[in-house]
Amino acid sequence: MEQRLSISEITPLTTEWTCKVQPVDKFRPRDSRDQRVHFQTIIVQDVNEEQVCVILYGDDIRRCDNLFELFETYLISTAKVRNPQPYSLHVGQFEWIVDRFTIMESIPKNNEKETPLPPPSRLSTISFVDVAQQPSGVEFDLLAVVANCGPTQYTADQSKRFQEAIVMDKMKKPLFFTIWEDLASNEGAELLRQVRQLQEYPIILAKRIVTRLATRYNSTILINPLYVQATELRKWINENKQMLIEYTVKSSTESASSLNLVAVDDEILTVSAIATQTSTAATFYVEGEISLPEHFQRFYLLGCSECNHVVRSKIKREIQCINCRLPRMLIPKCHFEVEITDETDTTTATVSEGLGERILSMTAEQIYDITTVKNELLPVAHINQLLADKLFRIQLQRSSSRTPDKNAGSLVLLSYTEKPTMFLPEESTSVSGAKRIREDESILVTDAKATKKRKSEPSTLPKPQ
Ligand SMILES: [Zn+2]
């Protein structure tokens with residue numbers, strides 16, 4: 001006589017049992033480390049949400065390939081029950097081998113005699129705020145919205161594939177998530193397609209990942225899993241779709257291959273609304289065109305070679321620096337004005353030092369040499385040409401100090417990125433493709449003082465060239 005049992009009631013000694021389960025996690029078939037065994041692991045749970053690992057071997061994997069669909073309901077009878085092997089995932093007290101002698105029955109959604117199991121709710125996820133507190137190496141689960149996804153990349157030695165994504169929770173806290181190897185080629189590619197091509201925001205349940213949010217050998221990623229908690233998150237996505245679309249654009253801007261982990265609440269002001277932004281502490285963004293003004297500029301200031309003190313004089317010489325209280329040489333520091341224009345107004349901001357030198361492709365010494373030693377106009381027509389007809393997202397801040405010709409509170413340009421017009425359709429960026437895009441399209445120029453922080457891994461890995 002068959003008896004309906006729950007997972008915890010079934011032991012290696014139980015005979016003639018049947019258990020109603022639904023798969024809640026599934027690995028792709030893989031080989032054992034010594035390549036001798038081909039197997040697949042599936043985690044199923046019963047009506048009490050007790051869980052057990054089901055393992056398929058060899059030919060049984062193909063025989064069961066239309067069974068064990070995630071969140072579908074099945075009746076399993078008399079699988080082989082054994083103690084978990086040392087290399088197994090330890091999910092329940094035992095593990096089940098489903099082979100050709102096991103009886104399996106699929107329960108369709110609208111079955112009247114046998115009701116399917118309800119959507120699962122048992123999760124051991126942690127919240128985003130607790131991610132940083134996880135001890136390294138400890139595995140945990142995360143339920144998150146994928147706000148952006150980059151193409152497949154390779155480590156410097158080309159041995160490993162990975163993909164970067166930005167995940168987010170309801171608190172709008174974005175975090176980097178690194179997807180490695182097989183998961184990058186499969187789930188990662190699907191996430192890229194959904195986010196970049198369809199502008200859909202998939203929910204992922206990333207299981208058994210580790211701090212710094214990265215997958216490892218035993219991780220899985222479920223896309224839009226049918227959990228009760230995911231339904232709530234889907235509601236939040238629908239209410240915040242516009243913010244997510246803007247976030248995808250904003251976090252994509254730096255280059256084709258890497259993502260930019262920016263905060264969600266960077267407010268974009270119109271140029272005419274900049275006047276309302278009076279704090280010198282905050283940075284803010286406008287979107288507009290950048291050009292060099294027509295009036296004459298020297299493109300440099302002279303300042304102390306050792307500190308930040310600048311002077312009004314334009315001729316290099318030794319001075320007594322009022323900061324250092326020591327004799328110092330004046331050296332040129334790149335410094336000039338740009339105009340920022342959107343459909344509401346035009347305003348002026350200063351650009352200085354490294355950022356300015358990069359815009360002009362010239363060092364401050366070269367600028368001094370042309371404009372003051374040779375007494376010529378700085379050739380800037382080609383700079384205006386480069387900037388023309390492009391839309392930039394520009395990070396500004398009100399200056400907290402005076403300069404020789406500006407009061408405190410004037411605008412300083414901290415960084416700018418060209419706004420991409422459309423997403424990349426490619427799944428992965430070929431080397432030549434990546435180069436082309438880096439040269440022609442979105443180039444981030446940023447001042448060392450800008451507030452943007454880049455994450456250190458795996459971007460620290462040299463990119464393939
Ligand atoms: Zn000084």
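This is a short talk on how one protein chain packs its buried residues together.

Hi everyone, and thanks for coming. Please keep in mind that we are looking at a predicted model. The protein has 465 residues, and 30% of them count as buried. Its secondary structure comprises 9 helices and 25 strands. When we take contacts between residues at least 6 apart in sequence, 60% of those join residues at least 24 apart.

Let's go inside. Which residues have the most contacts inside the largest nonpolar core? They are Ala 144, Val 145, Val 146, Ala 147, Ala 165, Val 167 and Ile 204, and the core has 35 residues. Several elements each supply at least two residues of this core, including strand E12 (161–168), helix H3 (181–197), strand E14 (203–209) and helix H4 (228–239). The element that gives the most is E10, with 7 residues. As a general background point, nonpolar side chains in soluble globular proteins tend to be buried together.

Now pick one residue and follow it. Val 145 sits in strand E10. Is Val 145 buried or exposed? Val 145 has 23 C-beta neighbours inside 10 Å, so it counts as buried; the cut-off for that is 20 or more. Leaving out residues up to four places away in sequence, Val 145 touches Val 167, Met 168, Tyr 201, Ile 203, Leu 233 and Ile 237. Here is a nice one to find on your screen: Arg 234 is 89 residues from Val 145 along the chain, yet their C-alpha atoms are separated by 8.6 Å.

Apart from the core we just toured, there is another one, of 31 residues, with Tyr 300, Leu 301, Ile 359 and Ala 364 among them. Ile 359 takes us to helix H6, residues 353–360, where Leu 355, Gly 356, Glu 357, Ile 359 and Leu 360 are buried. A handy rule here: an α-helix has 3.6 residues a turn, so residues three or four places apart point the same way. Just after H6, look for Ser 361, which takes a positive phi of about 50°.

My last stop is a pair of strands. How many bridges join E23 to E24? There are 7, and the two strands run antiparallel, with E23 covering residues 392–398. One pairing to look for is Leu 396 with its bridge partner in E24, Leu 413. Strand E24, residues 411–418, has 7 of its 8 residues buried, so it is largely enclosed by the rest of the structure.

That's my tour, and I'm happy to take questions.

Terms used. Residues numbered from 1 in each chain as written. Predicted model: local features only at pLDDT ≥ 70, side-chain atom pairs only at ≥ 80, totals over all residues. Buried ≥ 20, exposed ≤ 12 C-beta atoms within 10 Å, placed from the backbone. Helix = DSSP H or I, 4+ residues; strand = E, 2+ residues; numbered from the N terminus. Core = buried A, V, L, I, M, F, W, Y, C linked by C-beta atoms within 7 Å. Pairing = 2+ DSSP bridges. Contact = placed C-beta atoms within 7 Å.
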